[in-house]
Amino acid sequence: MTSAIGRAHHPAGELVEVCKDSYREIVEFCRRKKLIAVPDEPLEIDGRRRFLREFAGAMLDSPGPLDKGRRPSTS
C-alpha cells in the first residue's frame, strides 16, 4: 500500500533531476520578473549518499576567504 505522501512525491531516483529542473525554472522566473539578482554562475545540485541523507539532507559548502576561484557546491 502506498501512502498519500508517497504518491504525491517523485521517486528517489528522480529527485536530483527534479530539483535541477525546479531550480532552472525558479531562476528563469526571477530573471524574467526582475525580482532579485541571480548570479550567472549556476548552483551545483547533486545527490547525497544514502547513509549521509539522514544527517545532511541539504547543505551548502561555501568557499572560504582563501579559496579564490572555488565555486560553492550544494548537496
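**Exercise 1. Find what share of the contacts in the protein between residues at least 6 apart in sequence joins residues at least 24 apart.**

Solution. A contact means heavy atoms within 4.5 Å. Take the contacts between residues at least 6 apart in sequence; 36% of them join residues at least 24 apart. The model is predicted: local features need pLDDT of at least 70, side-chain atom pairs count only at pLDDT 80 or more, and totals for chains, interfaces and linings use all residues. Residues are numbered from 1 along each chain as its sequence is written, and side-chain values use heavy atoms, with hydrogens and water left out.

**Exercise 2. List the elements of the protein in order from the N terminus.**

Solution. Helices (H or I, at least four residues) and strands (E, at least two) are DSSP runs, numbered from the N terminus. The protein has three helices and two strands. Their order is α-α-α-β-β.

**Exercise 3. Place Lys34 and Leu35 in the chain, and decide whether each is buried or exposed.**

Solution. Step one is location: Leu35 is in the loop between helix H2 (15-33) and helix H3 (50-53), and Lys34 lies in the loop between H2 and H3. Step two is the scale: buried means under 20% relative accessible area, exposed over 50%, partly exposed in between (1.4 Å probe, protein chains only). Lys34 has a relative accessible area of 73% and is therefore exposed. Leu35 counts as exposed because its relative accessibility is 52%. For the protein, buried residues make up 8% of the 75 residues.

**Exercise 4. State what is notable about phi of Lys34.**

Solution. Most residues other than glycine have a negative phi. Phi of Lys34 is near 55 degrees, a positive value in a residue other than glycine.
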